[in-house]
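The exercises below are to be worked with the sequence and the 3D structure open. Try each task before reading its solution.

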Amino acid sequence: MPEPQRSSHPDDHGAIAATGAGAAMDLATSEGGTLERGAGGPDGGPGGGPESRPRSLWSDAWRDLRRSPVFLVSGLIILFLVIISIWPSLIASGNPLSCDLARAQEGSRPGHPFGFDGQGCDVYTRTVHGARTSVVVGVLASLGVAVAGSVLGGLAGFFGGPWDAVLSRLTDIFFGIPVVLGGLVLLSVVTSATVWPVIGFMVLLGWPQISRIARGSVITVKQNDFVQAARALGASNTRMLLRHVLPNAIAPVIVVATIALGTFIALEATLSYLGVGLKPPTVSWGIDISDASPYIRNAPHMLLWPAGALAVTVLAFIMLGDAVRDALDPKLR
């Protein structure tokens, strides 16, 4: 039997080996050589530049977000809100608790562009300082809800069984509680003027939604071949959760938590307006809207500016959540 001929082409060197039966078998080139030859393809540039590297979901999402006008506009608004929340004195040097009854309900004047409220406090200063409360409540409530819901829902979806059944019935119970009514009942007995009771209430009633999202995402991911392969190779449950399931199941949770952040800011203002949320001397847009509502005919500026700031803030976070959702959803590409 004649011996198989060896290819003399330089690209085939080391890639073709003779078998005992006289056939030829591809032994697979190294990963580096494969990437080097694929660099000139339609998805890669010459010389194996950065475009030739495989992209992940997160890199693709960040590339799409940088090109999204909705993300850029909402991101700039949120960045401005964060800056004035940390350093309100940059644009408002006055004291939000300093009031003069002689100027009560007065309109705009030099140095006081938003006028004065019913107690003679500067509306501009209170509107700027109120951003800190809204951002702190929204961010901390969203983080608490995301962590609690992700842990409970992720564990239920991964392990299943009785744990999943108990959690499902528990979430059904919490879904049946009206949020505003629950706030009126639970927060009416709280005398603290800090933000922590309001944040705790939001986490208590907000985690079931994130839990449902995390549970469904984990159930979908754990059925993939790479998770089954890791299980067959003897990977522990902790390793599979942290290395394989969590990175691929966290995207829907991030999207829902980002959109919910704006909802929590609006909920805090609603509870403060009803008198069961934040309480004076805390500066809050909800408190200012509640104080201004009786004077809406005689001094509409007292209501216009805090309500406008609240609307812009909530809209910015909802727009940000929509942009993140569009970037992380492969079906929308």
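**Exercise 1. A proline in a loop**

Task: Find where P281 lies and what kind of peptide bond joins P280 and P281.

Solution. Start with the place: P281 sits in the loop between α10 and α11, the latter being residues 285-292. Then look at the bond. P280 and P281 are joined by a cis peptide bond, with omega at about 10°. Keep in mind that the model is a predicted one.

**Exercise 2. The chain as a whole**

Task: Describe the order of helices and strands in the chain, and state what share of its residues count as buried.

Solution. Step 1: count the elements. The chain has 12 helices and 2 strands.

Step 2: read along the sequence. The pattern is β-β-α-α-α-α-α-α-α-α-α-α-α-α.

Step 3: turn to burial. The chain has 333 residues, and 38% of them count as buried.

Step 4: look at the contacts with a separation of 6 or more. Residues 24 or more positions apart account for 65% of these.

**Exercise 3. Two helices and their spans**

Task: Compare the end-to-end span of α4 and of α9 with the span expected at 1.5 Å a residue.

Solution. Step 1: take α4. Its 37 residues should span 54 Å at 1.5 Å a residue, and because the end C-alpha atoms are 53 Å apart, the two values agree. After α4 comes G160, which has a positive phi near 65°.

Step 2: take α9, residues 237-249. A straight helix of its 13 residues would reach 18 Å, but the end C-alpha atoms of α9 are only 15 Å apart.

Step 3: look for a bend in α9. There is one of about 25° at R243, and the proline P247 follows within four residues.

Step 4: see which residues of α9 face inward. M240, L241, V245 and A249 are buried. The elements that cover the buried residues of α9 include α4 (123-159), α7 (196-222), α8 (225-232) and α10 (251-273).

**Exercise 4. Two residues of α4**

Task: Decide whether G138 and S142 are buried or exposed, and list what each one touches beyond four places in sequence.

Solution. Step 1: locate them. G138 is in helix α4, and so is S142.

Step 2: apply the cut-off, which is under 20% relative accessible area for a buried residue. G138 has 0% and therefore is buried. S142 has 6%, so S142 is buried too.

Step 3: list the contacts. G138 touches L261, F264 and I265. S142 touches A257, A260, L261 and F264.

Step 4: check one distance. G138 and I265 are 127 residues apart along the chain, yet their C-alpha atoms are separated by 5.1 Å.

Step 5: relate the two positions to the helix. In an α-helix there are 3.6 residues a turn, so residues three or four places apart point the same way.

**Exercise 5. A pocket and a cavity**

Task: State the volume of the largest pocket and of the largest cavity, and say which classes of residue line each of them.

Solution. Step 1: the largest pocket holds about 340 Å³ of space. Its lining is made of 18 residues, and V179, L205, G206, Q209 and F264 lie nearest its centre. The elements giving two or more residues to this lining are α5 (161-175), α7 and α10. Of these, α10 gives the most, with 7 residues.

Step 2: sort the pocket lining by class. There are 15 nonpolar residues, 3 polar residues and no charged ones.

Step 3: the whole structure has 1 cavity of 30 Å³ or more. The largest cavity has a volume of about 40 Å³. D164, L167, S168, T171, S211, R212 and R215 line it. The elements that give two or more residues to this lining are α5 and α7, and α5 provides the largest share, 4 residues.

Step 4: sort the cavity lining by class. The count is 1 nonpolar, 3 polar and 3 charged residues.

**Exercise 6. A positive phi**

Task: State where Q105 lies and whether Q105 is buried, partly exposed or exposed.

Solution. Step 1: Q105 is in the loop between α3 (69-86) and α4.

Step 2: its phi is near 65°, a positive value in a residue other than glycine.

Step 3: the relative accessibility of Q105 is 30%, so Q105 counts as partly exposed.

Definitions and conventions. Residues are numbered from 1 along each chain as its sequence is written. This is a predicted model: local features need pLDDT of at least 70, side-chain atom pairs count only at pLDDT 80 or more; totals for chains, interfaces and linings use all residues. Side-chain values use heavy atoms; hydrogens and water are left out. The expected span of a helix is 1.5 Å times one less than its number of residues. The bend at a residue is the angle between axes fitted to the seven residues ending there and the seven starting there. Buried means under 20% relative accessible area, exposed over 50%, partly exposed in between (1.4 Å probe, protein chains only). Contact means heavy atoms within 4.5 Å. On a 1 Å grid over the protein atoms alone, a cavity is a set of points where a 1.4 Å probe fits but cannot get out, and a pocket is an open set with protein on both sides within 12 Å along at least five of seven lines; lining residues have an atom within 4 Å of a point. Grid points are joined across faces, edges and corners, and a volume is the space filled by probe spheres set on the points. Ala, Val, Leu, Ile, Met, Phe, Trp, Tyr, Cys and Pro count as nonpolar, Asp, Glu, Lys and Arg as charged, and the others, Gly among them, as polar.
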